[in-house]
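Reader: I should like to learn how individual features of a protein structure are read. Might we take a few in turn?

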Amino acid sequence: MLGRLRTRLVVVFIRHGHAESNVEGRVGQIPSTPLTTMGVKQAELLGEYFKTHNEEFDVVYSSPAKRAMQTATTSLGYCNKKYTIIEDRRLMEIHRGEWEGQKSSDVFRGQYLIDNLTNPFEFKAPGGESEKEVEERMTSFFDEIQNTYYPKRLQEIHENRALQNKKEATQTKEVDEKNDTNILATAATVVDGENAARLIPDITVRVAVYSHGVAIRTLVRRILQANSLNFRAEYANTSRTEFCLDQDQVWRIQAINRTTHLYNL
């Protein structure tokens with residue numbers, strides 16, 4: 001029944017702010033590295049953008065890495081709404097195994113560099129994971145948002161509207177008990193065709209996800225079905241990449257690497 005509603009799901013992926021590991025060019029998950037002063041400022045500007053544009057989210061997820069969580073708490077602190085941030089390890093950066101925390105210039109050398117450039121999708125650092133494996137866990141998270149969280153959230157909104165309809169009808173005493181029951185039933189089951197469109201306003205479910213550069217790139221590549229060798233897009237710190245699922249159940253990318261909030265930095 002919910003499929004008849006004019007609904008859409010928007011998922012906003014946000015890369016963490018500038019971190020100490022970025023300054024030194026170190027690779028891997030490095031979960032304890034914090035934001036730099038610049039990174040904090042970037043997160044603050046993102047928060048000001050959210051506040052100015054009245055952007056709110058139904059739920060917020062983040063990589064457990066300190067730099068991602070710090071970006072999330074700082075930017076969301078500017079919003080009127082208070083959020084509980086859900087940590088999910090599937091959103092972590094690519095794990096570089098024995099190379100964790102080392103400088104990129106020290107490890108991507110010789111044959112390792114050649115192998116990474118010729119087959120970046122399958123390449124693994126010793127003891128690490130490939131971009132293919134990162135894509136698989138990111139896709140698992142993404143599918144869970146679409147197939148589990150989204151329907152559940154729509155149902156919650158739907159039920160809340162039904163209760164609100166009932167409350168308003170009772171308060172105004174504009175309907176009798178029988179009609180009041182019918183209003184609740186109509187909102188709970190969604191009538192067909194034009195009546196549904198007339199009675200139920202559009203619903204947009206918005207999800208914020210704080211993650212990392214390589215992780216976001218693998219998911220964008222998956223959605224676009226792009227060639228891994230040709231698609232090597234980089235994502236700026238605190239940039240926003242937005243996906244939208246409309247009524248036709250087809251994912252569309254609304255924005256990639258959007259950084260309008262940083263224009264005055």
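Author: The following dialogue considers a glutamate, the cysteines and a threonine. Please note that the model is predicted.

Reader: Where does Glu 93 lie?

Author: Glu 93 is found in the loop that runs between β3 (85–87) and α4 (104–107).

Reader: Which side chain of opposite charge is nearest to Glu 93, and how far away is it?

Author: A salt bridge requires a side-chain nitrogen of Lys or Arg within 4 Å of a carboxyl oxygen of Asp or Glu. The nearest side chain of opposite charge is that of Arg 67, 5.5 Å away, and Glu 93, although buried, has no salt bridge.

Reader: Which backbone nitrogen does the side chain of Glu 93 reach?

Author: That of Val 214, at a distance of 3.2 Å. Beyond neighbours within four places in sequence, the contacts of Glu 93 include Arg 67, Glu 129, Arg 137 and Val 214.

Reader: How many disulfides does the structure contain?

Author: In general, a disulfide is a covalent bond that joins the sulfur atoms of two cysteines. Here, a search of the whole structure finds zero disulfides. As for individual cysteines, Cys 79 is buried at a relative accessible area of 6%, and Cys 244 is buried at 1%.

Reader: Is Thr 139 buried or exposed?

Author: A residue counts as buried under 20% relative accessible area. Thr 139 has a value of 9% and is therefore buried. This threonine, Thr 139, belongs to helix α6 (residues 131–172).

Reader: With which residue does the side chain of Thr 139 make a polar contact?

Author: The side chain of Thr 139 is joined to that of Arg 222 by a polar contact of 3.4 Å. Apart from neighbours within four places in sequence, Thr 139 is in contact with Leu 219 and Arg 222.

Terms used. Residues are numbered from 1 along each chain as its sequence is written. This is a predicted model: local features need pLDDT of at least 70, side-chain atom pairs count only at pLDDT 80 or more; totals for chains, interfaces and linings use all residues. Side-chain values use heavy atoms; hydrogens and water are left out. Helices (H or I, at least four residues) and strands (E, at least two) are DSSP runs, numbered from the N terminus. Buried means under 20% relative accessible area, exposed over 50%, partly exposed in between (1.4 Å probe, protein chains only). Lys and Arg count as positive and Asp and Glu as negative; His and the chain ends are not counted. A polar contact is a pair of N or O atoms within 3.5 Å; within protein, one must be able to donate a hydrogen and the other to accept it, and residues adjacent in sequence count only if both atoms are side-chain atoms. Contact means heavy atoms within 4.5 Å. A disulfide is a pair of cysteine sulfur atoms within 2.5 Å.
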